[in-house]
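Visitor: I'd like a close look at one part of this model, the packing inside it. Could you walk me through that slowly?

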Amino acid sequence: KNENSFNEDNLRLLLIIGQQVGMAVENAGLYLQMEELANTDSLTGLYNRLYFQNRLSQELKLAQENKFPLSVAILDIDNFKRFNDTYGHLFGDKVLKKLSELMRSSLRATDVIARFGGEEFIILFIRTGLKDAYKKAEKLRGKISSMTVTDMDASASVTVSFGVSSY
């Protein structure tokens, strides 16, 4: 309502406060970005082993307290060394990426998928008993076996072996 309500000192103070708020927001965004980088595998974009182990501990505690089932499936790409030896490591990386994308699109958003080792992956099926976890793993195994990875002149199919355990 009043013209010239703010003098030069007020404007400088508001500018400094605005800059501080801007830096705080930017730092919060960078912190979240760093946390995500620390929890994910850079090649596949899936969670890493450390994140998975921490999450498994949390979910197991919840399952025990609330008496609901929890299952884990671990899978290993059969003869993965053959992809690297025959087609090169970049092709092997492509196999890992394509498999990761297939798993992510085939499972529920609540399922936790992580790269456990070189060509090993692990899946946490929350509130899922052994029978249903086995069915999900078998369905996923079928999808993977029908998957073909192609890169330039190279083309290969992929198979995996699963193990499933439940609490």
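Which residues touch the most other members in the largest nonpolar core?

Guide: Bear in mind that this is a predicted model. The residues you're after are Ile 77, Met 103 and Ile 123, which touch the most other members of a core that counts 26 residues. Several elements feed two or more residues into this core: the strands β1 (70–77), β3 (120–126) and β5 (154–157), and the helices α3 (80–87), α4 (89–106) and α5 (130–145). The top contributor is α4, with six residues.

Let's start with Ile 77. Leaving aside residues up to four places away in sequence, Ile 77 touches Phe 83, Val 95, Leu 96 and Leu 99, and also Glu 119, Phe 121, Val 158, Thr 159 and Val 160.

Glu 119 is worth a stop of its own. You'll find Glu 119 in the loop between β2 (112–115) and β3. With a relative accessible area of 25%, Glu 119 is partly exposed, because buried would need under 20%. With residues up to four places away in sequence again left out, the contacts of Glu 119 are Leu 75, Asp 76, Ile 77, Phe 80 and Leu 96. Take Phe 80 from that set: Phe 80 and Glu 119 sit 39 residues apart in sequence, yet their C-alpha atoms are 6.9 Å apart in space.

Now for Met 103, which takes us to the pairing of α4 with α5. Met 103 is one of the α4 residues in that contact, along with Leu 99, Leu 102 and Ser 106, while α5 brings Leu 140, Lys 143 and Ile 144. Notice Leu 99 there, since Leu 99 is also among the residues that Ile 77 touches. The axes of the two helices are 11 Å apart, and the packing angle is about 140°. Roughly antiparallel starts over 145 degrees, so α4 and α5 count as oblique to each other. Their crossing is right-handed.

One last stop, at Asp 41. Asp 41 belongs to the loop between α1 (8–39) and α2 (49–66). The relative accessible area of Asp 41 is 17%, so Asp 41 counts as buried, the limit being under 20%. The side chain of Asp 41 makes a polar contact of 2.7 Å with that of Thr 44, and another, of 3.2 Å, with the side chain of Arg 115. Beyond four places away in sequence, Asp 41 touches Leu 46, Tyr 47 and Asn 48 as well as Arg 115.

Key
Residues are numbered from 1 along each chain as its sequence is written. This is a predicted model: local features need pLDDT of at least 70, side-chain atom pairs count only at pLDDT 80 or more; totals for chains, interfaces and linings use all residues. Side-chain values use heavy atoms; hydrogens and water are left out. Helices (H or I, at least four residues) and strands (E, at least two) are DSSP runs, numbered from the N terminus. Buried means under 20% relative accessible area, exposed over 50%, partly exposed in between (1.4 Å probe, protein chains only). A polar contact is a pair of N or O atoms within 3.5 Å; within protein, one must be able to donate a hydrogen and the other to accept it, and residues adjacent in sequence count only if both atoms are side-chain atoms. Contact means heavy atoms within 4.5 Å. A nonpolar core is a set of buried Ala, Val, Leu, Ile, Met, Phe, Trp, Tyr and Cys residues joined through side-chain atoms within 4.5 Å. Axes are lines fitted to C-alpha atoms, for helices over the stretch in contact, and angles run from 0 to 180 degrees between N-to-C directions. Angles under 35 degrees count as roughly parallel, over 145 as roughly antiparallel, 65 to 115 as roughly perpendicular and the rest as oblique. A crossing is left-handed if the near helix is turned anticlockwise from the far one by less than a right angle, and right-handed if clockwise.
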